[in-house]
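The following exercises ask the reader to work through a protein model by inspection. Each task is followed by a solution in steps.

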Amino acid sequence: TGVLTPEAGGEYDLNITSGDGVRMWLDDKILIDDWNDGWARVRNAKFNFETGKSYRLKIEYYHKTAWHEMRFGWIPPHRDLVAEAVEVAKSADTAILFLGFFEGMESEGFDRPTSSLPATQEKLIEQVLSVQPRTIVVIKGGSPVVLGRWVSK
């Protein structure tokens with residue numbers, strides 16, 4: 001249990017990565033409820049915080065399988081990073097994009113639901129290529145990745 005007091009209001013992305021079951025509440029409202037055995041996976045929720053207001057946080061977690069770690073993260077409302085990358089790419093000699101899958105999206109213990117890059121990464125590639133034809137795409141992944149329509153560019 002604990003208290004979250006955001007410096008800035010707005011819609012935050014909340015996430016918990018763990019194996020097995022986890023539940024999360026903010027001010028007694030359940031936001032994540034996955035009380036199941038299994039390998040590491042990410043659960044996401046969104047919550048609209050008010051500036052400076054404190055919120056009671058409660059997380060329950062149990063460990064049964066081999067992966068025995070739980071991580072909580074909260075990401076404040078963010079800038080349009082794709083638009084920022086496009087602006088930087090316009091004036092660059094060459095754009096280099098490092099993309100792929102972070103821990104929790106793939107593992108030896110489970111498969112990704114798709115072989116494609118996340119939609120936001122595909123959008124980033126397409127938009128950077130639209131302003132910077134000299135673009136290098138570096139993909140990190142532990143299994144095959146389907147390359148989008150952009151690969152011929």
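## Charges over rings

The charged end of Lys58 lies over the ring of Trp25, 4.8 Å from the ring centre. The model is a predicted one.

**Exercise 1.** Determine over which ring the charged end of Arg23 sits, and which residue stands opposite Arg23 in S6.

*Solution.*
Step 1. The charged end of Arg23 is placed over the ring of Trp35, at 4.0 Å from its centre.
Step 2. Across the strand pairing, Arg23 faces Glu60 in S6.
Step 3. The strands concerned are S3 and S6 (residues 55-61), which run antiparallel and are joined by five bridges.

## Two open sheets

**Exercise 2.** Establish the strand order of the four-stranded open sheet, and identify its edge strands.

*Solution.*
Step 1. The order is S1-S6-S3-S4, with antiparallel pairing.
Step 2. S1 (2-4) and S4 are the edge strands, each pairing on one side only.
Step 3. From one strand to the next, the twist averages 25 degrees.
Step 4. Within this order, S3 (residues 22-26) and S4 (residues 29-34) are joined by five bridges and run antiparallel. Met24 stands opposite Ile32 in S4.
Step 5. The two strands S3 and S4 make a hairpin with two residues between them. In the turn, Asp27 has a positive phi of about 50 degrees.

**Exercise 3.** Find the order of the three-stranded open sheet, and explain why one side of S5 and of S7 is left without a neighbour in the sheet.

*Solution.*
Step 1. The strands follow the order S5-S2-S7, and their pairing is antiparallel.
Step 2. S5 (41-49) and S7 are at the edges and have a single partner strand each, so one side of each lacks a neighbour in the sheet.
Step 3. The twist in this sheet averages 20 degrees from one strand to the next.
Step 4. Nine bridges connect S2 and S5 in the antiparallel sense. Leu14 stands opposite Ala45 in S5.

## Aromatic pairs

**Exercise 4.** Classify the pair formed by Tyr12 and Trp74, and state which parts of the chain the pair ties together.

*Solution.*
Step 1. A search of the whole structure yields seven aromatic pairs.
Step 2. In one of them, the rings of Tyr12 and Trp74 are 5.3 Å apart, centre to centre, with 25 degrees between the planes. Planes under 30 degrees apart count as stacked, and the pair is accordingly stacked.
Step 3. Tyr12 belongs to S2 (residues 10-18) and Trp74 to S7 (residues 70-75), so the pair ties together parts 62 residues apart in sequence.
Step 4. Tyr12 counts as buried at 4% relative accessibility, whereas Trp74, at 31%, counts as partly exposed.

**Exercise 5.** Is the pair of Phe49 and Tyr55 stacked or edge-to-face?

*Solution.*
Step 1. The ring centres of Phe49 and Tyr55 are 4.8 Å apart, and the angle between the planes is 90 degrees.
Step 2. An angle over 60 degrees counts as edge-to-face, which is the class of this pair.
Step 3. Phe49 and Tyr55 are both buried.
Step 4. One aromatic cluster is formed by Tyr12, Phe47, Phe49, Tyr55 and Trp74.

## The helices

**Exercise 6.** Identify the buried residues of H1 and the elements against which they pack.

*Solution.*
Step 1. Val82, Val86 and Ala89 are buried in H1 (residues 81-91).
Step 2. These residues cover an arc of only 65 degrees around the axis, which puts them on the same side of H1.
Step 3. The face turned away from the buried side of H1 carries the exposed residues Val88 and Ser91.
Step 4. The packing partners of the buried residues of H1 are S8 (95-100) and H2 (119-131).

**Exercise 7.** Describe the surroundings of Val128 and of Glu122.

*Solution.*
Step 1. Val128 is located in H2 and is buried, at 1% relative accessibility.
Step 2. Not counting residues up to four places away in sequence, Val128 touches Ala85, Val86, Ala89, Ala95, Leu97 and Thr135.
Step 3. Glu122 is also placed in H2; its relative accessible area is 17%. Buried means under 20%, so Glu122 is buried.
Step 4. Leaving aside neighbours within four places in sequence, Glu122 is in contact with Leu117, Val146, Gly148 and Trp150.

Methods:
Residues are numbered from 1 along each chain as its sequence is written. This is a predicted model: local features need pLDDT of at least 70, side-chain atom pairs count only at pLDDT 80 or more; totals for chains, interfaces and linings use all residues. Side-chain values use heavy atoms; hydrogens and water are left out. Rings of Phe, Tyr and Trp (its six-membered ring) pair if their centres lie within 6.5 Å; planes under 30 degrees apart count as stacked, over 60 as edge-to-face and the rest as tilted. Buried means under 20% relative accessible area, exposed over 50%, partly exposed in between (1.4 Å probe, protein chains only). A charge sits over a ring if NZ of Lys or CZ of Arg is within 6 Å of the ring centre and within 35 degrees of the ring normal. Two strands pair if DSSP finds at least two bridges between them. Axes are lines fitted to C-alpha atoms, for helices over the stretch in contact, and angles run from 0 to 180 degrees between N-to-C directions. The arc is that of the directions from the helix axis to the C-beta atoms. Contact means heavy atoms within 4.5 Å.
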